[in-house]
Amino acid sequence: MHDNARSPAASARKPETFRDAASETPFVRHLLIFAALAYLAFFLLLPLVSIFVEAFRRGAGAYFDALIEPDALAAIRLTLLVAAIAVPLNLVFGVAAAWAIAKFEFKGKAFLITLIDLPFSISPVISGLVYVLLFGSQSVLGPLLKSHGIEILFAVPGIVLATVFVTFPFVARELIPLMQDQGTGDEEAALSLGASGWQTFWRVTLPNIKWGLLYGVLLCNARAMGEFGAVSVVSGHIRGLTNTMPLHVEILYNEYNFVAAFAVATLLALLALVTLVLKAVLERRFGAEIAASRKH
Amino acid sequence: MEVTISNIRKEFDLYPALHDVSLNIRSGELIALLGPSGSGKTTLLRLIAGLEHPTAGQIFFGNEDASNRTVQERNVGFVFQHYALFRHMTVADNIAFGLTVRPRATRPAKAEIRRRAAELLDMVHLSGLEKRYPNQLSGGQRQRVALARAMAIEPKVLLLDEPFGALDAQVRKELRRWLREFHDRTGHTTVFVTHDQEEALELADRVVVMSQGKIEQVGSADDVYDTPNSAFVFSFIGSSASLPVERRDGMVFFQDQPIGLATDATGPAQLFFRPQDVALTSEGAALSGKVTASRRLAGARIAEIDVGNDGNAHHIEIEVPLDAVATLGSEIRFRPTRWEQFAS
């Protein structure tokens with residue numbers, strides 16, 4: 001009976017409705033896409049837009065006034081300075097640590113990896129407190145350094161230290177799996193061809209890891225500029241002196257100066273956007289090369 | 001360049017990878033290090049290159065002790081198993097690398113380097129691919145780029161680690177022939193590591209058979225195949241059958257039955273013979289077994305038989321004439337015509 005029931009039209013339509021075992025029905029597909037987009041819009045896009053809306057609530061004039069005000073400029077300068085110190089430091093440290101972990105066998109390797117992850121696993125506030133304990137007036141080091149005229153806490157060095165601590169996993173974490181995956185074959189080849197260790201690093205190792213390194217640096221920079229908790233504990237919140245941008249935003253907000261607070265916040269949001277765009281552009285332009293450097 | 005390896009010992013974390021290995025590699029020779037994985041063959045190759053340092057012993061290049069020389073100073077051409085081509089450099093830059101990293105005083109001029117790279121590329125039949133990147137090449141092409149790169153530094157010795165391991169069968173055969181020609185043309189002392197005995201026997205002037213960190217035998221293909229000096233070599237090279245035997249009164253006994261072989265030795269031993277080195281017989285003392293399976297292999301028939309008492313039978317394979325009766329379950333009586341015995 002069912003043979004007769006299948007009309008020619010129905011069997012002709014059959015290929016159109018056929019789908020892979022692994023793909024969902026259109027309804028489920030759309031539902032999933034909608035859910036993902038709605039989630040992103042609510043938790044990411046909406047807050048982002050609201051920052052800009054708040055910042056421009058009283059017009060572009062008020063927005064730019066908030067940015068060129070001396071305390072704001074000082075905060076921007078300090079943030080840039082801290083990032084300019086912390087990022088290169090962690091770049092060098094990250095490459096060195098990843099190199100050691102990926103290319104050598106030594107005792108305590110697992111411990112070193114755990115140590116590198118430490119800043120990720122503890123609250124940034126604790127990271128800041130560590131430096132307060134280490135260099136505070138109750139500690140051994142603090143008064144000693146102070147007697148030599150070196151201020152750590154509530155000064156720029158403390159902020160740099162806390163930022164370095166919080167951001168040091170980014171570069172190393174990005175490079176370790178990459179370098180482990182690549183192994184030591186290329187380096188051995190370079191050495192066997194007569195290259196010195198230095199030449200091998202610059203001409204073979206570095207080109208092999210450059211994209212991973214760039215990712216790590218971008219992430220590290222974004223965090224260095226945006227870090228709040230650890231810096232907040234060690235900075236002392238001295239306006240125009242030890243306030244970074246995130247701290248400045250907080251102070252303005254607590255003073256109900258919403259336009260100025262959101263204006264400075266837009267700069268941080270823009271930084272995040274620039275980082276993302278840069279990453280996307282790099283991926284698009286050098287996608288093939290990045291993929292090639294990841295596989296052997 | 002002659003290479004002499006003298007009483008080399010290598011330990012990794014107290015686990016010995018090589019015990020007291022000595023080997024003399026003649027100048028201009030093509031020699032294969034053959035063995036199963038874990039036999040220490042790659043470790044030996046890396047020790048010659050200077051990529052590893054021996055726990056004890058010395059390595060001489062010619063008459064000079066190279067044991068304390070770094071890999072850079074040894075000037076060896078090393079072709080890695082997975083080629084280790086620099087993926088961010090073109091083929092031409094890969095080949096030129098060894099020249100461009102030389103100190104200024106000994107570095108050829110740019111034009112000269114380019115010319116040399118082109119020449120090497122021509123030698124490995126890859127002219128026209130200068131601008132390609134390694135991931136745009138086939139496996140066989142990468143292999144040849146790696147070889148050209150190693151040759152660029154005019155090495156004293158050429159070392160190849162499983163040179164054909166990552167290639168498919170057809171390319172492997174072609175490259176094998178090509179490497180032999182290449183060697184004959186350039187005359188470099190060449191050492192290569194392989195676990196493929198066919199490759200080693202076909203390609204090398206001499207084969208070094210290794211097992212468990214020791215050299216078992218060094219010799220030509222004929223030597224290691226026809227006169228293996230140990231049970232390991234006999235069973236590793238080619239196919240073979242082996243049976244535990246007892247020797248007394250000038251005869252060889254298998255499970256207390258004489259099998260028609262005479263010997264001067266006494267005591268327990270392992271008897272080895274090749275499947276084709278047997279003769280069927282109907283009279284006198286001989287080995288006998290039940291056929292459990294048989295298959296046609298080109299011009300011969302291979303019979304799988306169970307030799308010995310039920311419950312303690314040994315499964316072996318022998319070659320039987322095509323007209324011999326080798327039906328399932330039938331009884332076959334045979335004697336090895338060429339055989340070796342190794343005391344056990």
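Helices and strands here are DSSP runs: a helix has at least four residues, a strand at least two. By that count, residues 3–237 of chain B are 37% helix and 26% strand. This is a predicted model. Chain B touches chain A through 21 of its residues, which meet 22 residues of chain A. Salt bridges number 29 over all chains.

**Annotated regions**

- For residues 3–237 of chain B, an unreviewed UniProt entry lists "domain: ABC transporter". The end C-alpha atoms of that span lie 26 Å apart.
- For chain A, an unreviewed UniProt entry gives the feature "transmembrane region" at residues 31–53, 73–99, 111–132, 152–172 and 258–278.
- One of these spans, residues 31–53 of chain A, is 100% helix and 0% strand. Its end C-alpha atoms are 30 Å apart.
- Another of the listed spans covers residues 152–172 of chain A. Here the chain is 76% helix and 0% strand, with end C-alpha atoms 26 Å apart.

**Where chain B meets chain A**

- The two chains bury about 1,900 Å² between them. Carbon and sulfur atoms account for 57% of that area.
- Two salt bridges run between chain B and chain A. Arg87(B) and Asp186(A) form a salt bridge, with N and O 3.0 Å apart.
- Seven residue pairs are in polar contact between chain B and chain A, counting pairs with both residues at pLDDT 80 or more.
- Four elements of chain B each supply at least two residues to the side that touches chain A: α2 (71–74), β6 (76–79), α3 (91–100) and α5 (139–151).
- Helix α3(B) gives the largest share of that side, with three residues.
- Sorted by class, the side of chain B that touches chain A has 13 nonpolar, five polar and three charged residues.

**Salt bridges within chain A**

- Lys109(A) pairs with Glu105(A) in a salt bridge. Their closest N and O atoms are 3.3 Å apart.
- Is Lys109(A) buried or exposed? Lys109(A) counts as buried because its relative accessible area is 14%, and the cut-off for buried is under 20%.
- Its partner Glu105(A) is exposed, at 72% relative accessibility. The cut-off for exposed is over 50%.

**Salt bridges within chain B**

- Arg69(B) and Glu64(B) join their side chains in a salt bridge, 2.4 Å from N to O.
- In this pair, Arg69(B) is buried at 18% relative accessibility. Glu64(B) is partly exposed at 47%.
- Arg172(B) and Glu199(B) also meet in a salt bridge, at 4.0 Å from N to O. This pair links distant parts of the chain, 27 residues apart.
- Arg172(B) sits in helix α6 (residues 169–186) of chain B, and Glu199(B) sits in helix α7 (residues 197–203) of chain B.
- How buried is Glu199(B)? Its relative accessibility is 2%, so Glu199(B) counts as buried.
- Which residues of chain B are linked in a network of salt bridges? They are Glu112(B), Arg115(B), Arg116(B), Glu119(B) and Glu154(B).

Definitions and conventions
Residues are numbered from 1 along each chain as its sequence is written. Chains are lettered from A and ligands numbered from 1 in the order in which they are written. This is a predicted model: local features need pLDDT of at least 70, side-chain atom pairs count only at pLDDT 80 or more; totals for chains, interfaces and linings use all residues. Side-chain values use heavy atoms; hydrogens and water are left out. Contact means heavy atoms within 4.5 Å. Buried area is the accessible area (1.4 Å probe) that two parts lose on being put together, summed over both. A polar contact is a pair of N or O atoms within 3.5 Å; within protein, one must be able to donate a hydrogen and the other to accept it, and residues adjacent in sequence count only if both atoms are side-chain atoms. Ala, Val, Leu, Ile, Met, Phe, Trp, Tyr, Cys and Pro count as nonpolar, Asp, Glu, Lys and Arg as charged, and the others, Gly among them, as polar. UniProt positions are given in the numbering used here, feature names are shortened, and annotations may be inferred rather than shown by experiment. Buried means under 20% relative accessible area, exposed over 50%, partly exposed in between (1.4 Å probe, protein chains only).
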